[in-house]
Amino acid sequence: QERGFTGITVDFWWGIIEPAPKEYNFHPFLQLIKQVKTKGLKLKVILSFHACGNTIGDQCNFPLPKWVLESGNHFFYQDQNGKINNEYISIFADDLELKDGRTVLQVYEDLIAEFDKQFQVFYEEVIVNIELGVGPAGQLHYPSYSYPNGFCGVGFFQWYGDLATSKFHQFLDTISIVDSPKRLNIFKQLPSPTLSNLNHKPNKENF
């Protein structure tokens with residue numbers, strides 16, 4: 001406060017909070033929030049459902065919970081070269097069951113409910129804002145680039161893999177193209193294997 005600060009922001013990392021299914025560990029964060037309260041400061045909480053350690057500026061390493069990673073690579077984004085990015089569960093997997101039998105969305109809901117039960121006593125007095133960190137680096141985008149391959153090129157598409165293809169085909173089945181029904185069959189051949197030939201180094205691009 002003497003330096004003009006009124007509060008701090010803290011990530012509540014999923015990899016710390018839920019080391020085993022429905023076994024929640026909020027203890028270090030409860031200790032922190034008590035110190036924040038003692039100092040007369042406010043707290044903005046970020047419930048971070050992504051990993052830490054794969055983005056520029058990261059000086060820590062908090063992967064997703066081990067039991068989530070063990071649920072299978074099909075839960076994660078995949079690029080045209082077959083590279084899996086396990087920084088965040090793919091949006092294509094929201095309704096799939098993880099290793100413990102709950103769907104991805106149910107897991108998120110259960111954790112948020114447990115957070116609310118343990119921390120609501122601090123609402124307004126200490127906790128003044130709660131954000132959800134979803135998507136790679138906590139942002140709503142594909143993990144188009146990945147370290148240590150460099151920063152960052154024009155990136156790779158992340159709509160490959162069986163889940164993404166299945167969702168795309170489900171969408172195509174809901175639409176019609178009046179001028180050329182055959183065009184749907186062309187779309188169903190996507191993503192094109194020629195995309196793997198893209199020049200992804202921006203300093204070599206001509207525009």
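Angles here run from 0 to 180 degrees between N-to-C directions, along axes fitted to C-alpha atoms. That convention is needed for the helices that pack on the sheet. The model itself is predicted.

Start with the overall layout. The protein chain holds six helices and five strands. Read from the N terminus, the order of elements is β-α-α-β-α-β-β-α-β-α-α. The chain has 207 residues, and 34% of them are buried. Contacts reach far along the sequence. Among contacts with a separation of 6 or more, 64% join residues 24 or more positions apart.

Now turn to the sheet. Strands of a sheet pair through backbone hydrogen bonds, in either a parallel or an antiparallel sense. Here three strands form an open sheet in the order 1-2-5, and the pairing is parallel. Strand 1 and strand 5 (127-133) stand at the edges. Each has a single partner strand, so one side of each lacks a neighbour in the sheet. On average, neighbouring strands are turned by 20 degrees against each other, with direction ignored. Strand 2 and strand 5 are joined in parallel over six bridges. One residue pair to find in the model is Leu-43 with its bridge partner Ile-127, in strand 5.

Two helices cross this sheet. Helix 2 lies across strand 1, strand 2 and strand 5. Its angle to strand 1 is about 175 degrees. Helix 4 also lies across strand 1, strand 2 and strand 5. The angle between helix 4 and strand 5 is about 165 degrees.

Next comes the core. The largest nonpolar core contains 37 residues. Phe-12, Trp-14, Ile-89 and Phe-119 have the most contacts inside it. Several elements give two or more residues to this core, including strand 1 (7-13), helix 2 (27-38), strand 2 (42-48), strand 4 (84-89) and helix 4 (104-119). Helix 4 gives the most, with six residues.

Trp-14 is a good place to look at the core in detail. Leaving out residues up to four places away in sequence, Trp-14 touches Ser-48, Phe-49, Leu-64, Pro-65, Trp-67, Val-68, Ile-89, Val-107, Tyr-108 and Leu-111. Ile-89 is thus a contact of Trp-14, and Ile-89 is also among the residues with the most contacts inside the core.

His-50 comes next. Its place is in the loop between strand 2 and helix 3. Is His-50 buried or exposed? The cut-off for buried is under 20% relative accessible area. His-50 has 6% relative accessibility, so His-50 counts as buried. A polar atom of the His-50 side chain lies 3.2 Å from the backbone oxygen of Gly-133. Setting aside residues up to four places away in sequence, His-50 touches Trp-13, Leu-64, Glu-87, Tyr-88, Gly-133, Gly-135, Ala-137 and Gly-138. Leu-64 appears in this list and in the contacts of Trp-14.

Charged pairs complete the tour. The whole structure contains nine salt bridges. One of them joins the side chains of Lys-99 and Glu-70, at 2.7 Å from N to O. This pair links distant parts of the chain, 29 residues apart. Lys-99 sits in the loop between strand 4 and helix 4, and Glu-70 in the loop between helix 3 and strand 3. Lys-99 has 54% relative accessibility and therefore counts as exposed. Glu-70, at 41% relative accessible area, is partly exposed.

A local pair makes a useful contrast. Glu-114 and Lys-117 both lie in helix 4, three residues apart, about one turn of the helix. Their closest N and O atoms are 3.3 Å apart in a salt bridge. Where does each partner stand in accessibility? Glu-114 counts as buried because its relative accessibility is 16%. Lys-117 is exposed, with a relative accessible area of 57%. Elsewhere, salt bridges that share partners join Glu-18, Asp-100, Arg-102 and Asp-110 into one network.

Within that network, the side chains of Arg-102 and Asp-110 meet at 2.8 Å, N to O. Arg-102 is buried, with a relative accessible area of 9%. Asp-110 is partly exposed at 25%.

Conventions: Residues are numbered from 1 along each chain as its sequence is written. This is a predicted model: local features need pLDDT of at least 70, side-chain atom pairs count only at pLDDT 80 or more; totals for chains, interfaces and linings use all residues. Side-chain values use heavy atoms; hydrogens and water are left out. A nonpolar core is a set of buried Ala, Val, Leu, Ile, Met, Phe, Trp, Tyr and Cys residues joined through side-chain atoms within 4.5 Å. Buried means under 20% relative accessible area, exposed over 50%, partly exposed in between (1.4 Å probe, protein chains only). Helices (H or I, at least four residues) and strands (E, at least two) are DSSP runs, numbered from the N terminus. Contact means heavy atoms within 4.5 Å. Two strands pair if DSSP finds at least two bridges between them. A polar contact is a pair of N or O atoms within 3.5 Å; within protein, one must be able to donate a hydrogen and the other to accept it, and residues adjacent in sequence count only if both atoms are side-chain atoms. A salt bridge is a side-chain nitrogen of Lys or Arg within 4 Å of a carboxyl oxygen of Asp or Glu.
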